[in-house]
Amino acid sequence: MKIPYAALCVVMVVLLSEAHLTKAVTCSPQELSSCSAAFTSSAPPSSTCCSKLKEQKPCLCGYLKDPNFSQYVNSAKANRIASTCGVQFPNC
């Protein structure tokens, strides 16, 4: 199954959103491009991926509510990546 790049990025952003606003964040699924290898294979997420997921945590609820991205954010791989990075799924 091919996953659109933008959808992959959004999924990763959604996965990393915890209630933690220490600085203004620009919500951009492209910020999660470093997570593509972990999302498309069984490879563990890189430290860059985890950092970006944590940075994008405030954006995750928006990605979960977007029908274009929610199916990817609620996937088993997205859960695995978030768990590996120590990021909890938000309660939106």
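**Exercise 1. Which residue forms a disulfide with Cys27, and how far apart are their sulfur atoms?**

Solution. The model used here is a predicted one, and the search begins with the sulfur atoms of the cysteines. A disulfide is assigned when two cysteine sulfur atoms lie within 2.5 Å, and the sulfur atoms of Cys27 and Cys59 are 2.0 Å apart, so these two residues form a disulfide. The next step is to place the two ends: Cys27 lies in the loop between helix H1 (5–15) and helix H2 (36–40), whereas Cys59 lies in the loop between helix H3 (47–55) and helix H4 (60–65), so the link ties together parts that are 32 residues apart in sequence. The angle about the S-S bond is -85 degrees, and the link of Cys27 and Cys59 is left-handed. Finally, the two ends can be compared by accessibility: Cys27 counts as partly exposed at 45% relative accessibility, while Cys59 counts as buried at 3%.

**Exercise 2. Describe the disulfide of Cys35 and Cys49, and then that of Cys61 and Cys92.**

Solution. Take Cys35 and Cys49 to begin with, whose sulfur atoms are 2.0 Å apart in a disulfide. The torsion about their S-S bond is about 105 degrees, and therefore this disulfide is right-handed. Cys35 lies in the loop between H1 and H2 and Cys49 in helix H3, so the pair joins parts of the chain that are 14 residues apart in sequence. Both ends are buried, since Cys35 has 0% relative accessibility and Cys49 has 0% as well.

Now turn to Cys61 and Cys92, which form a disulfide with sulfur atoms 2.0 Å apart. Here the torsion is about -90 degrees, so the disulfide is left-handed. The pair links distant parts of the chain, with Cys61 in helix H4 and Cys92 in the segment after helix H6 (76–85), 31 residues apart. Cys92 is exposed, because its relative accessible area is 51% and the cut-off for exposed is over 50%.

As a last step, place these links in the whole: the structure holds four disulfides, and when the bonded cysteines are counted along the chain, the pattern is 1-5, 2-3, 4-7, 6-8.

**Exercise 3. Which residues are linked in a network of salt bridges, and where do they lie?**

Solution. The structure holds two salt bridges, and each can be examined in turn. In one of them, Glu31 is paired with Lys52, the closest N and O atoms being 2.7 Å apart. Glu31 lies in the loop between H1 and H2 and Lys52 in helix H3, so this pair ties together parts that are 21 residues apart in sequence. In the other, Glu55 is paired with Lys52, with the closest N and O atoms 3.6 Å apart. Glu55 and Lys52 are three residues apart in helix H3, which means that about one helical turn separates them. Putting the steps together, Glu31, Lys52 and Glu55 are linked in a network of salt bridges. Accessibility completes the picture, for Glu31 is partly exposed at 28%, Lys52 is partly exposed at 24%, and Glu55 is partly exposed at 27%.

**Exercise 4. How are the buried residues Cys49, Cys50 and Leu53 arranged around H3?**

Solution. Cys49, Cys50 and Leu53 are buried in H3. They cover an arc of only 95 degrees around the axis, and therefore they are on the same side of H3.

Terms used: Residues numbered from 1 in each chain as written. Predicted model: local features only at pLDDT ≥ 70, side-chain atom pairs only at ≥ 80, totals over all residues. Heavy atoms only, no water. Helix = DSSP H or I, 4+ residues; strand = E, 2+ residues; numbered from the N terminus. Buried < 20%, exposed > 50% of the residue type's maximum accessible area, 1.4 Å probe, protein only. Arc of directions from axis to C-beta. Salt bridge = Lys/Arg side-chain N within 4 Å of Asp/Glu carboxyl O.
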